[in-house]
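I opened this entry to keep a record of what I looked up in one chain. The notes follow the order in which I went through the topics.

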Amino acid sequence: MAATPRFRKNAVDGKAVEGSTPEGSGPEEKHPVDETLPPLRMFTSGLQHVAAMYAGVVAPPMIVGPAVGLSAKETAFLMGASLFTAGIATLLQTLGFWRIGARLPFVNGVSFAGVTPMIAIGKDRGHDGIAVIFGAIIVAGLLGFVLAPYFCKLVRFFPPVVTGTVITLIGVSLLPVAFNWSQGGNATADDYGSTTNIVMAAVTLVIVLALRKLLRGFLQQIAILLGLVVGTLIAIPAGITDFGALGDADLVGFPTPFHFGAPQFEVAAIISMCIVMLVCMTESTADMLALGKIVGRPADERTIEGGLRADTLGSAVSPLFNGFMCSAFAQNIGLVAMTKVRSRFVVAAGGVILVLLGLVPVAASVIALVPLPVLGGAGIVLFGSVAASGIQTLATAALEKGENALIVAAAVGVGLIPIAAPDFYHAFPEDMLVVLDSGISTGCVVAIVLNLAFNHWGRRMDEDPEAEAPAGERPKDPMAVPVAH
């Protein structure tokens with residue numbers, strides 16, 4: 001009788017691996033993505049995801065709030081609302097309903113891509129500026145939701161030579177964030193880049209690496225969280241832990257719908273945020289492809305469609321609770337790759353924690369006690385793990401054949417421009433900077449266009465791209481489009 005593939009438990013480490021068991025021998029084991037963990041492990045692993053993303057969620061409202069003229073208290077309200085809406089968007093992604101949600105361990109939060117255009121839209125306009133920003137995000141979110149079934153079909157333009165390039169760029173693009181955190185996070189502060197900050201980041205990095213080496217099992221999986229706790233404790237006598245936010249925070253708070261007034265709709269603002277939405281959808285597609293490979297469940301068109309719908313629906317709903325546009329958080333992909341905890345319910349637990357943090361500001365302040373240099377030290381490992389995953393994907397892309405190496409070289413080179421030379425595009429129109437200042441987006445576009453130009457356009461209809469490749473080397477991934485020789 002024919003054998004059917006199934007997932008079974010690995011007796012060594014408890015992970016599900018693909019095996020072969022005769023039909024009728026019993027129910028199939030769940031894929032690791034769909035497994036639930038014991039409550040304590042679920043909570044601590046989810047908390048680890050929250051700790052990794054917390055600074056990224058609260059940073060955009062911290063920047064946009066003062067820029068549009070909000071008070072410190074109103075900015076703090078925006079931060080709580082962003083945590084709340086990030087939790088809702090994460091639950092949409094991980095749990096999902098109908099055809100909404102990637103149902104992968106996919107974390108959503110406030111997109112940094114929208115910070116510059118939001119500041120341009122609302123600068124010094126106070127509540128009116130926020131209302132215009134929210135109106136533009138609602139329209140952009142609804143447009144993205146409508147486009148999701150069509151946008152997801154772009155997955156066929158993401159063979160390994162493209163996905164590997166984009167995943168690598170995601171990791172490399174995030175590393176400057178970790179370096180900035182390691183210096184203190186605020187370039188205008190007197191202690192920015194001080195010896196204390198950098199040494200604290202280095203100490204945290206060493207602690208995380210040592211814990212990963214010395215611990216085993218569950219404790220090894222939460223090494224990042226333990227490293228953040230130990231690093232924060234060490235930072236207290238070093239004088240870089242700020243307890244001020246803890247004393248000023250309210251015990252309970254709710255992001256009152258339309259706190260800053262009803263949304264306003266301006267054409268220029270809507271066009272600007274729609275461009276940002278397309279950028280976010282491109283990055284989310286690449287992130288889902290990366291995460292699918294890491295967890296062993298490749299993201300197909302339907303998965304990407306559901307993920308994009310969750311992204312865009314979360315963005316459209318966020319302004320109702322005073323939140324901004326939501327998109328994938330690539331740093332959490334690095335956490336999945338490093339810990340090997342692939343359960344989407346772990347990330348859903350993180351989504352619940354985010355919602356609670358948005359409702360209990362004093363609890364959010366406890367997470368905020370982690371100094372940015374400590375977070376930066378851990379971030380080097382997290383973001384480096386994403387880049388390493390991209391390099392692993394590129395290893396399967398047959399770089400020795402055709403012009404694949406040239407495609408990677410050009411795409412990575414263009415993608416690194418905003419990182420290596422931040423002012424490179426300073427003379428370009430501001431609307432174009434939304435795309436050009438995102439190395440992930442520009443690198444992705446270059447990789448797709450060059451892959452089409454070198455490997456697809458002009459190819460003879462009777463040419464079999466796989467003909468010269470040994471059978472064992474043919475890509476097994478249905479998304480891995482073979483290259484022409």
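What follows are my entries on the overall make-up, one helix pair, the salt bridges, the cysteines and a few single residues.

**Ground rules**

I am working with a predicted model, in which local features need pLDDT of at least 70 and side-chain atom pairs count only at pLDDT 80 or more, while totals for chains, interfaces and linings use all residues. Residues are numbered from 1 along each chain as its sequence is written, and side-chain values use heavy atoms, with hydrogens and water left out.

**Overall make-up**

I noted 19 helices and four strands in the chain. Helices (H or I, at least four residues) and strands (E, at least two) are DSSP runs, numbered from the N terminus. Of the 485 residues, 53% are buried. Buried means under 20% relative accessible area, exposed over 50%, and partly exposed in between, with a 1.4 Å probe and protein chains only. I then looked at contacts, meaning heavy atoms within 4.5 Å. Among contacts with a separation of 6 or more, 79% are between residues 24 or more positions apart.

**Helices H4 and H11**

I asked how the axes of H4 and H11 lie relative to each other. They come within 7 Å and cross at roughly 170 degrees. The axes are lines fitted to C-alpha atoms, for helices over the stretch in contact, and angles run from 0 to 180 degrees between N-to-C directions. H4 and H11 are therefore roughly antiparallel; angles under 35 degrees count as roughly parallel, over 145 as roughly antiparallel, 65 to 115 as roughly perpendicular and the rest as oblique.

On the H4 side the contact includes Ile137, Gly141, Phe145 and Phe151, and on the H11 side it includes Glu305, Arg309, Thr312 and Ser315. The residues of this contact divide into ten nonpolar, four polar and two charged. In that count Ala, Val, Leu, Ile, Met, Phe, Trp, Tyr, Cys and Pro are nonpolar, Asp, Glu, Lys and Arg are charged, and the others, Gly among them, are polar.

I picked one residue from each helix. Phe145 is in H4, which spans residues 126-151, and is partly exposed at 24% relative accessibility. Beyond four places in sequence, Phe145 touches Ile100, Arg309, Thr312 and Leu313. Its C-alpha is 9.7 Å from that of Gly306, although the two are 161 residues apart in sequence. Ser315, in H11, is buried with a relative accessible area of 0%. Leaving out residues up to four places away, Ser315 touches Ile137, Gly141, Met277, Met325 and Cys326.

**Salt bridges**

How many salt bridges does the structure hold? I found six, a salt bridge being a side-chain nitrogen of Lys or Arg within 4 Å of a carboxyl oxygen of Asp or Glu. I wrote down three of them.

- Asp34 and Arg344 pair at 2.8 Å, N to O. Asp34 is in the loop between S2 and H1, Arg344 is in H13, and they are 310 residues apart. Arg344 is buried at 11% relative accessible area.
- Arg99 pairs with Glu305, with the closest N and O atoms 3.4 Å apart. Arg99 is in the loop between H2 and S3, and Glu305, in H11, is 206 residues away. Arg99 is partly exposed at 32%, whereas Glu305 is buried at 9%.
- Glu266 and Arg125 pair at 2.9 Å, N to O. Glu266 lies in the loop between H9 and H10 and Arg125 in the loop between H3 and H4, so the pair ties together parts 141 residues apart in sequence. Glu266 is partly exposed at 32%, and Arg125 is partly exposed at 33%.

I also noted that salt bridges with shared partners join Asp34, Arg297 and Arg344 into one network.

**Cysteines**

I looked for disulfides, pairs of cysteine sulfur atoms within 2.5 Å, and the structure holds zero. Why does Cys280 have no bond to Cys326? The sulfur of Cys326 is the closest cysteine sulfur to that of Cys280, but at 9.4 Å it is too far for a bond. Cys280 is buried at 2% relative accessibility, and Cys444 is buried at 1%.

**Ser327**

My last entry is a residue that touches Cys280. Ser327 is in strand S4, residues 326-328, and is buried with a relative accessible area of 6%. Apart from neighbours within four places in sequence, its contacts are Val107, Asn108, Gly109, Ser111, Cys280, Ser284 and Asp311.
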